[in-house]
Amino acid sequence: MMVDKNTALNTGMQDGLKLEVAIVGAGISGIYSAYRLTTAGANSGAQVQVFDMNTRIAGRLESVRLPGLPTVQGELGGMRYLTSQKIVTTLIEEVFADQMEAVDFPMGDPATLFMYLRKDRCKQNAWTAAQANGDKLLTRYYLNDDDIGFSADQLFSKVIYDVLVADPWFMENFGEYVQKIDEYNYSVRLTLEQWDQVKPYLTYQFEGSPYDKRLVNDIGFWNLLKDQVSQEGYTFLSTGGGYYSNTINWNAAEAFPYMMGDFSASAIYKTIASGFDSTVYAMANEYMAYEGACIWTENKLLTFNKEHAESATHRYELVFLNLRSNQQWKVYANSLVLAMPRRSLELLDQDNFFFNINENTTLNNNIRSVIMEPAYKILMGFDTPWWNELGITAGHSITDLPMRQCYYFGTGQFSDHSMLLGSYGDMETESFWKALSDDPVKFRVRKTRLASLQEVEALNDVQASDMMVKEVVDELRELHGVGVPLPYVTWFKDWGDDPFGAGYHAWKAGYKVQNVMPYMRKPDQAENIHICGEAYSDQQGWVEGAFCEAEKMLESYFGLTRPSWLPASYYLGW
């Protein structure tokens with residue numbers, strides 16, 4: 001049985017509605033909060049309701065089906081999870097196992113996948129192949145002598161290892177967990193809980209460096225990488241790693257576990273056969289089974305206040321704008337959960353009692369403790385998987401061209417139709433694609449032998465611009481060194497657009513993350529107002545980060561005990 005994605009949504013309004021808990025944001029953390037509050041028996045569906053300004057739920061998760069072959073799924077937002085992430089793994093593989101099928105998210109064979117940097121094309125295993133022969137792969141980067149021959153992944157590990165072992169405090173307390181395996185490979189076996197013990201105290205110990213004796217927490221990751229491997233080495237890492245966002249000048253202490261865990265060669269990824277957004281729909285449907293439960297969509301929160309005469313029994317008055325009717329209406333609640341990222345918070349009324357910058361400078365400062373990272377995706381449907389002729393069946397190829405990465409999503413069992421994530425860009429490339437995505441001439445879809453014209457034309461509203469598609473295809477041709485046909489259908493999503501403002505987030509250097517995270521879950525101890533989600537988590541960019549922040553909020557401030565399906569020993573972070 002597949003999860004039902006036709007969740008009943010209410011686009012109307014009910015002026016004067018009274019609730020115990022109003023949750024604003026129908027993404028992962030918002031729907032999880034409603035699901036937990038009702039299934040745990042803490043509140044009824046009529047007491048807990050969810051509001052969102054968008055036409056759909058699931059926030060930055062959005063799965064799409066390939067016309068002509070709907071069993072092939074593509075992801076415009078989050079697309080995978082790590083098996084070490086227990087909340088998302090358990091929900092998918094145990095709690096809702098009757099509705100969702102966990103499948104491998106294959107990263108492909110490095111011997112077939114491409115790396116195309118500075119017009120130099122090679123396979124992704126070229127570095128390790130050279131190392132196995134006792135050679136050092138020469139690239140078109142002028143690396144430091146000690147760094148020549150390292151792949152980008154290996155060089156990241158080397159930098160982190162060198163910084164860790166240079167700190168006597170770290171070596172005295174955690175030295176047994178790090179190891180130099182051989183000339184090119186390093187092991188750091190710290191758990192997330194151990195990393196949280198390390199991050200506030202790790203010190204940069206390199207005499208003569210501008211950052212000597214500074215806490216790594218106070219150093220930007222770009223600053224640190226340049227200091228370790230030169231600006232040219234940094235350029236190699238930022239391009240060869242596939243994501244500019246990984247190497248922006250974010251908090252270096254937070255970057256260390258991220259690079260050693262989430263993007264290490266040992267990471268095991270999975271996804272969901274019916275699309276990654278199935279997680280949200282499964283929880284939403286469970287919540288909606290409770291009497292009185294409601295998810296209000298196309299309703300925008302304008303402001304909230306506590307100085308009102310209409311209801312003496314409820315603490316807060318929320319003012320919504322119904323986007324269909326352009327009419328305002330009011331909701332009353334005793335607790336408010338803002339399950340929203342940074343930009344969405346900034347779009348709320350900044351003059352009300354909660355956000356007022358003259359009164360709440362600490363809140364405003366902490367809201368801005370994270371960097372908003374632009375991210376966009378363009379998915380393409382092809383008549384045939386042309387990459388199979390190159391020996392590629394799955395995984396991703398990497399380039400320094402503006403497209404940055406492409407993921408191969410394979411074919412169906414009985415068909416040659418296929419889907420490609422044609423560009424997965426972020427940060428520096430945003431302005432390149434923005435000029436193309438804003439062009440009014442949309443890509444013209446076409447039918448295929450399996451996809452009818454009616455099917456593809458139903459997707460006209462989500463087509464990338466014609467210029468963007470042609471540019472991506474041109475870059476695909478350069479990356480692969482072969483001819484690439486035009487697709488028959490596309491999807492484009494720019495998560496930098498309001499109200500999301502970013503695809504994911506990163507902590508700024510200098511913030512004490514161990515203090516900011518719990519603060520954001522209840523910024524004012526005198527108020528029942530809570531903020532949760534991926535943005536202010538220690539697993540930014542991952543669904544698990546949103547889950548962990550919501551779970552800690554629910555346990556700390558709503559009296560919920562940990563669910564039976566989640567081990568008591570599982571570490572949720574600060």
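Start by selecting D147: leaving aside neighbours within four places in sequence, D147 is in contact with L155, K158, Q228 and V229. The model on screen is a predicted one. D147 sits in the loop between α3 (126-132) and α4. Is D147 buried or exposed? D147 has a relative accessible area of 3%, and under 20% counts as buried, so D147 is buried.

**The largest nonpolar core**

Next, select helix α4, residues 152-165. This helix gives the largest share of the largest nonpolar core, with 8 residues. The core as a whole has 76 residues. Which residues have the most contacts inside this core? They are L164, W195, V216, F221, L224 and F256. Show these six as sticks and centre the view on F256. Apart from neighbours within four places in sequence, F256 is in contact with I160, V163, L164, W195, L202, V216, F221 and L224. Another core, of 48 residues, lies apart from this one, and its members include I28, A284, I295 and V337. In soluble globular proteins, nonpolar side chains tend to be buried together.

**Helix α9**

A284, one of the members of that other core, leads to the next stop. Select helix α9, residues 278-288. How many of the 11 residues of α9 are buried? The number is 8, and the helix is mostly covered. The buried residues are S278, T279, V280, Y281, A282, M283, A284 and Y287. To see what covers them, colour the elements around the helix. The cover includes the helices α1, α2 (86-95) and α16, together with the strands β2 (48-51), β11 (269-272) and β12 (295-296).

**Helices α1 and α16**

Keep two of those covering elements, α1 and α16, and hide the rest. Two packed helices are described by the angle between their axes and the distance between the axes. Helix α1 covers residues 28-39 and helix α16 covers residues 543-557. Their axes are 9 Å apart, at an angle of about 40°. That makes α1 oblique to α16. The crossing of the two is right-handed. Which residues make the contact? On α1, select I28, S29, Y32, S33, R36 and L37. On α16, select V543, A546, F547, A550, E551, M553 and L554. By class, this contact has 9 nonpolar, 2 polar and 2 charged residues. An α-helix has 3.6 residues a turn, so residues three or four places apart point the same way.

**Helices α15 and α16**

Stay with α16 and add helix α15, residues 513-521. At what angle do α15 and α16 pack? The angle is about 65°, and the axes are 9 Å apart. This crossing is right-handed. From α15, the contact uses M517, P518 and R521. From α16, the contact uses E549, K552, M553 and Y557. By class, there are 4 nonpolar residues, no polar ones and 3 charged ones. M553 of α16 appears in the contact with α1 and also in the contact with α15.

**The loop between β21 and β22**

Move to the loop between β21 (489-494) and β22 (504-507), and select G501. At 12% relative accessibility, G501 counts as buried. Leaving aside neighbours within four places in sequence, G501 is in contact with R343, M372, W495 and G496. For a distance label, pick the C-alpha atoms of G501 and M115. These two residues are 386 residues apart in sequence and 30 Å apart in space. P499 is found in the loop between β21 and β22 too. Look at the peptide bond from D498 to P499: this bond is cis, with omega near 10°.

**Three more loop residues**

Select T112, in the loop between β6 (102-104) and β7 (114-117). At 15% relative accessibility, T112 counts as buried. Not counting residues up to four places away in sequence, T112 touches K123, G391 and I392.

Then select K213, in the loop between α6 (192-198) and α7 (221-240). Phi of K213 is near 70°, a positive value in a residue other than glycine. Is K213 buried or exposed? At 53% relative accessibility, K213 counts as exposed.

End the tour at N326, in the loop between β14 (316-322) and β15 (327-338). N326 is not a glycine, yet its phi is positive, about 60°. With 60% relative accessibility, N326 counts as exposed.

Terms used:
Residues are numbered from 1 along each chain as its sequence is written. This is a predicted model: local features need pLDDT of at least 70, side-chain atom pairs count only at pLDDT 80 or more; totals for chains, interfaces and linings use all residues. Side-chain values use heavy atoms; hydrogens and water are left out. Axes are lines fitted to C-alpha atoms, for helices over the stretch in contact, and angles run from 0 to 180 degrees between N-to-C directions. Helices (H or I, at least four residues) and strands (E, at least two) are DSSP runs, numbered from the N terminus. Angles under 35 degrees count as roughly parallel, over 145 as roughly antiparallel, 65 to 115 as roughly perpendicular and the rest as oblique. A crossing is left-handed if the near helix is turned anticlockwise from the far one by less than a right angle, and right-handed if clockwise. Contact means heavy atoms within 4.5 Å. Ala, Val, Leu, Ile, Met, Phe, Trp, Tyr, Cys and Pro count as nonpolar, Asp, Glu, Lys and Arg as charged, and the others, Gly among them, as polar. A nonpolar core is a set of buried Ala, Val, Leu, Ile, Met, Phe, Trp, Tyr and Cys residues joined through side-chain atoms within 4.5 Å. Buried means under 20% relative accessible area, exposed over 50%, partly exposed in between (1.4 Å probe, protein chains only).
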